[in-house]
Amino acid sequence: MTKPSLPELLHAAVDAVGGVERPGQVTMATAVADAIDDGSHLLVQAGTGTGKSLGYLVPALAHGERVVVATATLALQRQLVERDLPRTVDALHPQLRRRPQFAMLKGRSNYLCLHRLHEGVPQDEEDGLFDPFEAAAPTSKLGQDLLRMRDWADETETGDRDDLTPGVSDRAWAQVSVSSRECLGASKCAYGAECFAEAARERAKLADVVVTNHALLAIDAIEGAPVLPQHEVLIVDEAHELVSRVTGVATGELTPGQVNRAVRRAAKLVNEKTADELQTAAEGFERLMELALPGRLEKIPEDLGYALTALRDAARNVISALGSTRDKSVQDEDAVRKQALASVETIHGVAERIVNGSEYDVVWYERHDRFGASLRVAPLSVSGLLREKLFAERSVVLTSATLKLGGDFNGVGASLGLAPEGTEGDDLPVWKGLDVGSPFDYPKQGILYVARHLATPGREGSRGDMMDELSELMEAAGGRTLGLFSSMRAAQAAAEELRGRLDLPILLQGEDTLGELIKKFSGDPETCLFGTLSLWQGVDVPGPNCQLVVMDRIPFPRPDDPLMSARQKAVEEGGGNGFMAVAATHAALLMAQGAGRLVRATGDRGVVAVLDPRFATARYGSYLKASLPDFWYTTDRNQVRRSLSAIDAAAKADGR
């Protein structure tokens, strides 16, 4: 029997999921197959509606080697495992003459821990009673959730938190889960043979396709201890998110609360002298943190250096002592010891990292209204790490609807540690960028309107002219508005002001769960939804209920953002343009994602309105515009009002 061709396989898969084959999808599948075959790397931009999941799954399954697919969002992981993969495998089975296996793998804390469930949480004495199941009144929300999880444990096959419906709070889940550092290990745990996390790892070892998330991919790369099974192909979907997720995993944090918890956990397991030493160091650190002012620490102040050195040394002594003492009076000692060790090792690791200092790290203080001050350390760049760990031993395909910024892939490529496309060198990964376009006719389906006449937004203060403009646009659109704001404060101010002006329901992020807000927004044409960062990327509302997407201003990083400003400065010191490489790239990525909320289906029509005149007047405006879909462009406010009114009238005529 001859080997089936890629177009035949793709056709079968598209039929199976009830989709429509797109030219861009065929182009993408061919390019993915070529990259896998010759061991090279591919950055592929595939617009909304291209069908990119099948564009990479079909060539990956056809190749036959093990593939890891890493995504940023839970929604896409679910779509792949529950819909796309089962149907694709069924469709390809007759032609491939084999049935590829697939599995989902997440970090350990995403799975129910049977030891925690049955033995209780090793509680800190000041945190309350030992067994949360006994302590939490069955009538309380926490008590009800814990009892429900106990019943769920008997029926779930996966133990995966995301399979628990309805979900539970982080606090409730913390009672029944452990981090990888707190885990006793399958061989030492009485429940090791039934462990959900271990079962998930075993399934992944046997699977041809392993679906995971960016965070676990980062842990696998950074920590050196392999979490993912050996694989020949890595596909990173939602790849525009990868750098920030890897940065998040590589960021360390110290807070007084966290240090005090570690002290309490260790105190019952080490001698008094060792415990007192850590307690004294913790008190010194806490006193300093009470005075901490937010901002970057380009040089570690002497008093902070002393406090961190004391913390590091005391933590090291506790770690040594924890390994040698036994205390039969402590109930479930192994679990208590493991939890204490995990807490103290984290303190030691972060304190040592900051004390040692590295030109490649950025250190800063943060202050949160609710949680107080924290000390944070993050890598100045993750590009070298990604180049070394991601691209060295496998073929990597990175895909997203937004990878091509300002007209090429080099900006995103640089953030991933890749030299400009076409650059040759001994240790340089070979890659190419490909834009397979979109099935949508952007110039006919959407208008990009820039309110050039408005005043340039300042850092603070009300924007009365912007509020007037927004009010008029929303009125012309008859509602149907997704408002994307650069800060929560701006979103709240706009919601408050416009609720008083307009007879339209305005929902505000934070007033309900994101899922509920999006459901209400997509269910009523007059309803508008205002919010910040997660709305720029997380809203998928095809149809006439989202016909106006408004961005209040260009979403540059805050000038006082320690990490972004440090990255910008580093580029400038290297002779580059720090503003374009960091701030403008950050803004372009977010704006491309935000503009992508408008057209989600072939029948969608509408306007993306940018209420920041700099988009039309500043030199970097052309770079930002080149990063967005190719909408019809105007700065004519009257034209846009007429268009919005016409789109609204057409939707109403269709009864929508």
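## Cavities and the buried side of α16

By the rule applied here, the count comes to two cavities of 30 Å³ or more, in a model that is predicted. The two are set side by side below by volume and by the classes of the residues that line them.

| Cavity | Volume | Nonpolar lining residues | Polar lining residues | Charged lining residues |
|---|---|---|---|---|
| Largest cavity | about 250 Å³ | 15 residues | five residues | four residues |
| Second largest cavity | about 40 Å³ | five residues | one residue | three residues |

The largest cavity is lined by 24 residues, of which C113, H115, V178, C183 and L184 are the closest to its centre. Three helices, α5 (114-119), α9 (196-206) and α15 (333-356), each supply at least two residues of the lining of this largest cavity.

For the second largest cavity, the lining consists of A60, L61, G64, E65 and V67, together with R98, P100, D208 and V209.

Turning to helix α16, which spans residues 383-390, the residues S383, L386 and L390 are buried. Because these residues cover an arc of only 65 degrees around the axis, they lie on the same side of α16. The buried residues of α16 pack against three helices, α10 (214-222), α11 (242-249) and α17 (410-415), and also against the strands β5 (233-236) and β10 (395-400).

Which elements, then, does the buried side of α16 pack against? The buried residues S383, L386 and L390 have as their packing partners α10, β5, α11, β10 and α17.

Terms used:
Residues numbered from 1 in each chain as written. Predicted model: local features only at pLDDT ≥ 70, side-chain atom pairs only at ≥ 80, totals over all residues. Heavy atoms only, no water. Buried < 20%, exposed > 50% of the residue type's maximum accessible area, 1.4 Å probe, protein only. Helix = DSSP H or I, 4+ residues; strand = E, 2+ residues; numbered from the N terminus. Arc of directions from axis to C-beta. Contact = heavy atoms within 4.5 Å. 1 Å grid on protein atoms, 1.4 Å probe; cavity = no way out; pocket = protein on both sides within 12 Å on 5 of 7 lines; lining within 4 Å. Points joined across faces, edges and corners; volume = space filled by probe spheres on them. Nonpolar A, V, L, I, M, F, W, Y, C, P; charged D, E, K, R; others polar.
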